[in-house]
2 protein chains.
Amino acid sequence: MRKLLLLLGLIPALSFGQNHAENIRKIYDAELTSGHTYENLRYLCKEVGNRLAGSPGAAAAVEYTRQLMESYGFDTVYLQPVMVPHWDRGGKDVVRIVNSEKYGSLELNALALGNTEGTGPQGLVGNLIEVSGIEELRQLGEKVKGKIVFFNGPMDPRKINTFEAYGGANAQRSSGAAEASKFGAIGTLVRSLSNTINPYPHTGNQRYNPDFPKIPAIAISTQDAEVLSQALKSQPGLKIYLESHGSMKNEALSYNVIGEIRGTEKPEEIIAVGGHLDSWDVGEGAHDDGAGCMQAIEVLRLYKELGWRPKRTIRAVMWMNEENGLRGGQEYAKVAKEKGEKHIAAIESDSGGFLPTGFSFSGTSEQKDKLLSWAELLRPYQLWNLNMPGGGADIGPLRDQGPILIGLKPDSQRYFFYHHTEADVFEAVDQRELELGAAAMAALVYLIEQEGI
Amino acid sequence: MRKLLLLLGLIPALSFGQNHAENIRKIYDAELTSGHTYENLRYLCKEVGNRLAGSPGAAAAVEYTRQLMESYGFDTVYLQPVMVPHWDRGGKDVVRIVNSEKYGSLELNALALGNTEGTGPQGLVGNLIEVSGIEELRQLGEKVKGKIVFFNGPMDPRKINTFEAYGGANAQRSSGAAEASKFGAIGTLVRSLSNTINPYPHTGNQRYNPDFPKIPAIAISTQDAEVLSQALKSQPGLKIYLESHGSMKNEALSYNVIGEIRGTEKPEEIIAVGGHLDSWDVGEGAHDDGAGCMQAIEVLRLYKELGWRPKRTIRAVMWMNEENGLRGGQEYAKVAKEKGEKHIAAIESDSGGFLPTGFSFSGTSEQKDKLLSWAELLRPYQLWNLNMPGGGADIGPLRDQGPILIGLKPDSQRYFFYHHTEADVFEAVDQRELELGAAAMAALVYLIEQEGI
């Protein structure tokens with residue numbers, strides 16, 4: 001079959017020689033001289049904008065990426081239906097110190113966390129009690145009753161990998177309200193998950209405990225958290241006014257958006273590469289995760305530009321609802337299992353469009369050894385960082401189907417300045433860094449479709 | 001002596017144990033939790049601003065850094081006099097297409113190159129001839145007579161290390177006017193040295209040939225270079241109006257600013273660490289090279305904060321006039337030789353305040369082996385990139401005095417977006433990246449002052 005196609009000129013034989021180093025060079029050259037990633041991201045950010053699951057913006061993003069992949073002539077482009085939760089912020093979030101001896105009334109930069117129930121327009125007022133995290137909250141127990149709990153645990157700035165610092169501090173965001181409610185707190189403020197002192201409040205997901213009241217959970221900027229903590233120390237009777245308007249709407253029909261190029265030799269072996277299409281409802285979701293989506297589409301587009309056909313099937317996937325539900329990732333894995341699809345690898349880019357340093361991965365020893373055997377092919381592109389374990393939220397549900405799970409590892413220093421804020425806009429993305437990430441994923445996809453894993 | 005100081009409690013013995021890994025961890029922890037680098041850079045950028053050699057801004061920067069180092073209580077802080085060239089832009093640079101069939105009259109984003117002689121207020125008008133670089137200019141020879149030569153050679157975007165692309169394209173900037181003048185050209189336009197298409201014109205140094213007329217040399221943005229090239233293709237009779245006002249003033253007295261902490265065991269062995277204090281006259285010289293200066297001062301400040309004294313003498317040096325003369329670096333080496341000083345290492349940070357990836361270095365095999373023997377101590381901080389050769393412009397003149405010459409290697413992807421433009425401002429610097437660079441230099445200085453090299 002392949003011979004026939006070669007004779008017909010349908011596979012450019014030269015481009016597909018045995019020299020992987022040369023072909024990876026071609027991928028990088030194409031991306032760095034005529035890549036589409038940056039312009040596509042501009043469109044997603046500026047013309048579509050932010051796109052929380054269930055929002056009109058998310059619907060626009062689905063349609064944009066579907067059309068984009070169709071325009072590139074991928075073999076198949078389709079929508080995979082998935083019901084998603086639909087949270088709506090409902091209005092401006094307000095956090096105000098009302099009785100500061102030093103400041104009088106002082107407004108703080110605030111954003112309610114996702115999935116929170118709002119106070120409604122009447123707001124609420126309460127005394128504040130500061131804790132460093134869930135553990136201190138539990139020690140205080142009933143002492144927080146009737147109060148607003150202020151979680152002020154910082155991300156540890158000493159961690160070189162900032163995702164470790166994020167992991168160490170995010171329980172206060174994801175389950176602070178649920179825990180505080182158990183002890184009778186009437187609301188929570190959360191120090192934003194950022195590793196520098198800056199004015200941006202960072203939203204993000206939180207989950208209530210259904211057995212307890214759904215109290216407000218609002219993030220304030222690290223800068224304001226410092227101010228508030230100082231004010232509270234010198235004035236323990238500090239009172240805070242909270243107002244937020246969030247609510248869960250009916251679940252909405254949305255989609256994972258999928259485009260694929262079929263393999264010529266082992267089409268049944270699938271390599272999925274993707275990011276999540278939804279974002280939070282502030283900023284433009286540029287780094288999180290417009291970058292990953294546009295890079296994944298670019299991987300397949302590069303095959304078209306180079307006139308290559310992969311040996312195995314490669315698939316770009318835009319997962320829906322990573323931010324506040326993960327329904328897209330779960331549905332994708334479920335459907336893959338039902339259809340009896342065979343994923344040999346799943347690659348996710350969801351750590352920002354920053355300088356790629358390598359990949360982290362989880363799999364069998366054979367899979368890991370195979371990936372590590374390519375280290376010297378990746379090193380000329382400064383992809384020095386191959387480590388375990390790894391993967392990503394959206395590809396996690398595929399784990400029991402046996403693919404190697406791989407996460408692109410960009411440099412992590414700047415991510416938590418932008419993450420889940422109004423500052424995560426197109427202008428925060430560097431064209432070269434974004435393109436290098438797309439090329440890095442394309443290089444790895446190329447090696448896997450050629451050699452298997 | 002050391003024993004005595006230990007007994008007297010003047011050297012904290014514990015901090016100075018044999019465990020280099022622990023001490024490097026202390027350096028990073030101190031920098032990442034309570035570093036001064038970012039705030040000091042803010043002051044330099046926002047309160048001093050840009051500071052071309054010979055300008056009042058440069059004088060302010062000298063005084064600021066002198067006071068800053070004195071405030072930290074370094075053992076010695078002093079100014080080293082050096083006469084510097086003083087170029088002044090004199091006014092707004094204008095480049096205008098005057099007869100475009102498509103655009104009519106069209107103003108381009110322009111900045112005269114440093115050391116150029118202006119046209120004066122009357123400007124000049126001429127026909128344009130485009131070349132890809134010096135080589136093509138030489139082939140055209142007398143054909144450029146009476147014309148404005150448009151150097152439109154791009155930085156090669158395929159180079160992963162962007163400094164290689166810069167090196168490949170900068171002859172058109174540094175000697176384009178000198179070469180074009182030989183053949184009778186009346187002026188030159190230069191495509192900015194940037195590796196993406198963006199609206200910023202990049203200034204930079206150029207040198208005339210004293211035997212030929214000093215014709216204007218003006219940079220236009222890459223975006224405008226693309227527009228101009230297209231316009232010229234469709235309309236070969238395109239005429240351009242140039243106006244610039246630059247002139248060389250009298251040489252001015254300025255200074256290298258030096259602070260040092262004397263070594264306890266081998267004070268005669270000096271480790272210099274520094275950046276250049278001057279910048280171009282646009283933007284704030286944040287990445288180039290405020291970052292390097294503030295990082296160098298921070299290396300010594302960390303010793304004070306940690307209560308350490310080095311075994312060998314460590315010296316922070318702010319070199320003056322790197323951008324358009326290198327007088328500071330030359331004077332520093334000259335004085336060192338006259339005084340019989342013994343530099344064992346010189347470390348320069350002049351590639352931007354971006355994520356540090358490692359060091360490049362030049363020296364004897366013994367020096368290089370010693371440095372490489374520390375690789376595992378640097379790797380936990382993602383300093384994976386130790387390569388040869390290396391160094392920097394300001395430490396180059398020290399070469400024949402035998403120190404190992406070392407350059408901090410930050411990631412290079414974003415540098416040529418900001419380099420020599422109005423966009424090189426404090427806000428373009430990420431706090432974490434800047435601090436990691438300071439800590440990386442401090443870690444290396446620590447190893448050298450402890451172990452020698």
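## Two copies related by a rotation

In this predicted model, chain B can be superposed on chain A by a rotation of 180° with 0.0 Å of shift along its axis, and the fit has an RMSD of 0.0 Å. In general, two copies of a chain are related by a rotation about an axis and a shift along it. The two copies here are therefore related as by a two-fold rotation axis. Within chain B, the C-alpha nearest this axis belongs to B:Trp384, and the distance between that atom and the axis is 3.8 Å. The same surface serves both copies, since 100% of the contact residues of chain B recur in chain A.

Which elements of chain B give two or more residues to the side that touches chain A? The contact as a whole takes 22 residues from chain B and 22 residues from chain A, and on the side of chain B the elements that give two or more residues are α2 (20-34) and α14 (431-451). Sorted by class, this side of chain B has 9 nonpolar, 6 polar and 7 charged residues.

### Helix α14 of chain B

The helix α14(B), which takes part in the contact with chain A, can also be looked at by itself. At 1.5 Å a residue, its 21 residues should span 30 Å, and because its end C-alpha atoms are 30 Å apart, the expected span and the one in the model agree. Is this helix largely enclosed or largely open to the outside? Of the 21 residues of α14(B), 19 are buried, so the helix is largely enclosed by the rest of the structure. The residue that follows α14(B) is B:Gly452, and its phi is positive, near 70°.

### Domains of chain A

The domain assignment divides chain A into domain 1 (2-87 + 250-451) and domain 2 (90-245), and the C-alpha centres of these two domains of chain A lie 35 Å apart. Their contact takes 15 residues from domain 1 of chain A and 19 residues from domain 2 of chain A. On the side of domain 1 of chain A that touches domain 2, the largest share, 3 residues, comes from helix α14 (residues 415-418) of chain A. By class, that side of domain 1 of chain A has 7 nonpolar, 6 polar and 2 charged residues.

### Backbone details

Two residues of chain B have a positive phi although they are not glycines, and the table sets them out together.

| Residue | Phi | Place in chain B | C-beta neighbours inside 10 Å |
|---|---|---|---|
| B:Asn321 | about 80° | loop between β12 (312-319) and α10 (327-339) | 28 |
| B:Gln382 | about 60° | loop between α12 (375-378) and β15 (385-387) | 21 |

Why do B:Asn321 and B:Gln382 count as buried? A residue is buried if 20 or more other C-beta atoms lie within 10 Å of its own. B:Asn321 counts as buried because it has 28 C-beta neighbours inside 10 Å, and B:Gln382 counts as buried because it has 21.

The model also holds cis peptide bonds, one of which joins A:Met388 and A:Pro389, with omega at about -10°. A:Pro389 is found in the loop between β15 (385-387) and β16 (404-410) of chain A. In chain B, the peptide bond from B:Asp288 to B:Asp289 is cis, with omega near 0°, and B:Asp289 has its place in helix α9 (residues 286-306) of chain B.

Methods
Residues are numbered from 1 along each chain as its sequence is written. Chains are lettered from A and ligands numbered from 1 in the order in which they are written. This is a predicted model: local features need pLDDT of at least 70, side-chain atom pairs count only at pLDDT 80 or more; totals for chains, interfaces and linings use all residues. Two residues are in contact if their C-beta atoms, placed from the backbone, lie within 7 Å. Helices (H or I, at least four residues) and strands (E, at least two) are DSSP runs, numbered from the N terminus. Ala, Val, Leu, Ile, Met, Phe, Trp, Tyr, Cys and Pro count as nonpolar, Asp, Glu, Lys and Arg as charged, and the others, Gly among them, as polar. Domain bounds come from an automatic or database domain assignment. The expected span of a helix is 1.5 Å times one less than its number of residues. A residue is buried if 20 or more other C-beta atoms lie within 10 Å of its own, exposed if 12 or fewer, and partly exposed in between; C-beta atoms are placed from the backbone. Copies are superposed by least squares on the C-alpha atoms of residues with pLDDT of at least 70 in both.
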